[in-house]
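User: Please take a close look at one part of this model for me: the sheet. I would like to know how it is put together, pair by pair.

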Amino acid sequence: MFDPIEVIALFQHGKLTPLKFRWRERVYKVFRINGTWKQKDGSSMYHFFSVNCDGPEVYELSFNNESQAWRMERLRHET
């Protein structure tokens, strides 16, 4: 998928928390963060977030600290 997205996030006490994001012309409010992890790729550090919004779907977002860019990595439908 790897779509670029716009994100409103909270940077506080060394912690990054996505609050809302815009993807494909729709705004999603993050209701729950299921998990976070980091992955280094060359000089970039990627921060990953598994989140739920207003439905059963699970969105996987990433933030690249070098480019300061967010993107949608994956969308899963919970059953």
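**The sheet, from the inside out**

Analyst: Strand 6 and strand 7 are joined by eight bridges and run antiparallel. This is a predicted model, and that pair is a good place to begin.

Take one contact in it. Ser62 has Arg71 of strand 7 as its bridge partner. The two strands form a hairpin with four residues between them. Gln68 of this hairpin has a positive phi near 60°.

Now move to the other face of the pairing for Arg71. Pro4 also has Arg71 in strand 7 as its bridge partner. So much for single residues; next come the strands. Strand 1 covers residues 3–12 and strand 7 covers residues 69–77. Three bridges hold this antiparallel pair.

Go back to strand 6 and look at its pairing with strand 5. Strand 5 spans residues 44–52, and strand 6 spans residues 57–64. They are antiparallel, with seven bridges between them. Within this region, Tyr46 lies opposite Asn64 of strand 6.

Put the pairs into the whole. The sheet is open and has seven strands. Their order is 3-2-1-7-6-5-4, with antiparallel pairing. Strand 3 (26–29) and strand 4 (32–41) are the edge strands. Each of these two pairs on one side only. From one strand to the next, the twist averages 35°.

In short, strand 7 sits between strand 1 and strand 6 in the order. Arg71 is a bridge partner of Pro4 and of Ser62.

Notes
Residues are numbered from 1 along each chain as its sequence is written. This is a predicted model: local features need pLDDT of at least 70, side-chain atom pairs count only at pLDDT 80 or more; totals for chains, interfaces and linings use all residues. Side-chain values use heavy atoms; hydrogens and water are left out. Two strands pair if DSSP finds at least two bridges between them. Axes are lines fitted to C-alpha atoms, for helices over the stretch in contact, and angles run from 0 to 180 degrees between N-to-C directions.
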